[in-house]
Amino acid sequence: MGIFDKILGKKGPEQEIRTYQDFWNWFQTKEKDFYEIVKNRESERIEKDFFDVISPKLRQLNDHFYFLTGMYDDATAELIITVDGDVRNIVFAEELIKEAPQLEHWLFTALKPAKSIENAAIQMNGYEFTKDNIFFYSNESEEYPDEIDLTFVYEGLNEENKGQITSGICVFLDHFLGELHFTVQIDTFNIIGKEQAEKELVPIGKLNDFLQWREREFTEKYKNVRDAEEEGQFSVLRAELNNGRPLIACIDLALMKYNAKASYPWISELKVHYNGDNNDGLPEQDDFEKLNQIEDLAIEALKREDGHLYIGRETADNLKESYFASKDFRQPSKVLKKIIKDHPDYKIELKIYKDKYWQRFRYYNNVN
């Protein structure tokens, strides 16, 4: 694909785009004009007559939809729907593209695709990022053997340019691995200068092979592992925050002893804010009942037999957090987003992240 132009979303007037099909029906009424605009590569028209037109329509569906466009080949324009690596919204981009029509001069793609190592090269902030100046090595841990912890090495990195180099390498990896794989395959990484390297440097071109090998190892290791199927054994625990307010936790302590936590690597945190100032930060009775109803909806939808575990909850300081571990992130994204949408009376936040060893809950490993 040629040079892409990226729109980060601009507010537009209210439109009646409520479903994926609504969007594609609208797109088909303008696709011929859009194709000519992209094909002719007129930057002013692309901005005014394509970006400014399509952006508000996409944002009717999802505030976190962005897009790229350019010519895929001489006769085909490509529209890529991206979520900038936001795990919570990957499934929605995939769903939108799944419903895309077949159009003669268009290719529709969910998430930024991987490029060859030669085509992944970029220039940013006066620096070049190529297969020749980026290296990596793996950091192994006896305590967390399944973690993919990488160090990326760039010659010339220093304290003054670290932010610019970090941004450039992230964009390079996004291009080289593709948005999905860069987001989900690497658990943690850091970026250093060449003089700080502590291991033999591996050319960045070998990163894909390394990640695929680790994925095969992981899949084989947990292929026949026993799923966590026991009934929950929840314990109520009480602690005190630094501000003196109480914290009440209800955690499945038996689950903390499960020896294959890495097979449920995706942690979802549903955070519901409430007014508890008159009750030392704990919910009043009316809120207490409503908060339980919200949590029950999530527990009912994210079932063990479908690859989800309810870990428990913490309630303190005007905030109730419910925790789930899952084998994949897509269903929690859909279920929990719908719950947020259906309960506008509360401020509700959602975090989804990979934590193969449930380090977020390590405190509870030592509770009897």
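# Worked exercises on a predicted model

Helix H4, which covers residues 87-98, has 12 residues and reaches 18 Å from its first C-alpha to its last, close to the 16 Å expected at 1.5 Å a residue. The structure is a predicted model, and the exercises below begin with this helix.

## Exercise 1: helix H4 and the loop before it

Task: determine which residues of H4 are buried, and describe the backbone and the accessibility of Asp 84.

Solution. Begin with the helix itself, where Val 87, Asn 89, Ile 90, Val 91, Phe 92, Ala 93, Leu 96 and Ile 97 are buried. Then step back along the chain to Asp 84, which lies in the loop between strand S3 (76-82) and H4. The phi of Asp 84 is near 50°, a positive value in a residue other than glycine. As background, most residues other than glycine have a negative phi. Finally, consider the surroundings of the side chain: the relative accessibility of Asp 84 is 37%, so this residue counts as partly exposed.

## Exercise 2: the partners of strand S12

Task: establish which strands pair with S12, and in what sense.

Solution. Strand S12 spans residues 246-252 and is mostly covered, with 6 of its 7 residues buried. One partner is strand S11 (residues 234-240), which pairs with S12 in the antiparallel sense over 7 bridges. The register on this side can be read from Phe 234, which stands opposite Asp 252 in S12. The connection between S11 and S12 is a hairpin with 5 residues between the strands, and in its turn Gly 244 has a positive phi of about 90°.

Another partner is strand S14 (residues 308-316), which runs antiparallel to S12 and is joined to it by 5 bridges. Here the register can be read from Ile 248, which stands opposite Thr 315 in S14.

## Exercise 3: two residues in the S11-S12 loop

Task: decide whether Arg 245 and Leu 241 are buried or partly exposed, and list what each contacts.

Solution. Arg 245 lies in the loop between S11 and S12. Its relative accessibility is 18%, and since buried means under 20%, Arg 245 counts as buried. The side chain of Arg 245 is joined to that of Asp 317 by a polar contact of 2.8 Å. When neighbours within four places in sequence are left aside, Arg 245 is in contact with Ala 239, Glu 240, Asp 277, Asp 280, Gly 281, Asp 317 and Asn 318.

Leu 241 lies in the loop between S11 and S12 as well, but at 24% relative accessibility Leu 241 counts as partly exposed. With neighbours within four places in sequence again left aside, the contacts of Leu 241 are Leu 247, Ala 316 and Asp 317. Of these, Ala 316 is 75 residues away from Leu 241 in sequence, although the two C-alpha atoms are 8.3 Å apart in space.

## Exercise 4: cysteines and disulfides

Task: state how many disulfides are counted, and give the accessibility of Cys 170 and Cys 250.

Solution. A disulfide is a covalent bond between the sulfur atoms of two cysteines. With a cut-off of 2.5 Å between sulfur atoms, the count comes to 0 disulfides. As for accessibility, Cys 170 counts as partly exposed at 23%, whereas Cys 250 is buried, with a relative accessible area of 11%.

## Exercise 5: aromatic pairs

Task: classify the ring pair formed by Phe 23 and Phe 27, and relate it to the position of these residues in helix H1.

Solution. A search of the whole structure finds 29 aromatic pairs. In the pair of Phe 23 and Phe 27, the ring centres are 6.1 Å apart and the planes stand at 35°, so the pair is tilted. Phe 23 and Phe 27 are 4 residues apart in helix H1 (residues 20-28), and therefore separated by about one helical turn. Phe 23 is buried, with a relative accessible area of 0%, and Phe 27 is likewise buried, with a value of 0%.

Another tilted pair is that of Phe 218 and Tyr 222, with 4.9 Å from centre to centre and 50° between the planes; both of these residues are buried. Returning to Phe 23 and Phe 27, they belong to one aromatic cluster, whose members also include Trp 24, Trp 26, Phe 34 and Trp 106.

## Exercise 6: the backbone of Trp 358

Task: locate Trp 358, and say whether Trp 358 is buried or exposed.

Solution. Trp 358 is found in the segment after strand S16 (347-354). The phi of Trp 358 is near 50°, a positive value in a residue other than glycine. At 1% relative accessibility, Trp 358 counts as buried.

Methods: Residues numbered from 1 in each chain as written. Predicted model: local features only at pLDDT ≥ 70, side-chain atom pairs only at ≥ 80, totals over all residues. Heavy atoms only, no water. Helix = DSSP H or I, 4+ residues; strand = E, 2+ residues; numbered from the N terminus. Expected span 1.5 Å × (residues − 1). Buried < 20%, exposed > 50% of the residue type's maximum accessible area, 1.4 Å probe, protein only. Pairing = 2+ DSSP bridges. Polar contact = N/O pair within 3.5 Å; in protein donor to acceptor, adjacent residues only side chain to side chain. Contact = heavy atoms within 4.5 Å. Phe/Tyr/Trp six-rings, centres within 6.5 Å; stacked < 30°, edge-to-face > 60°.
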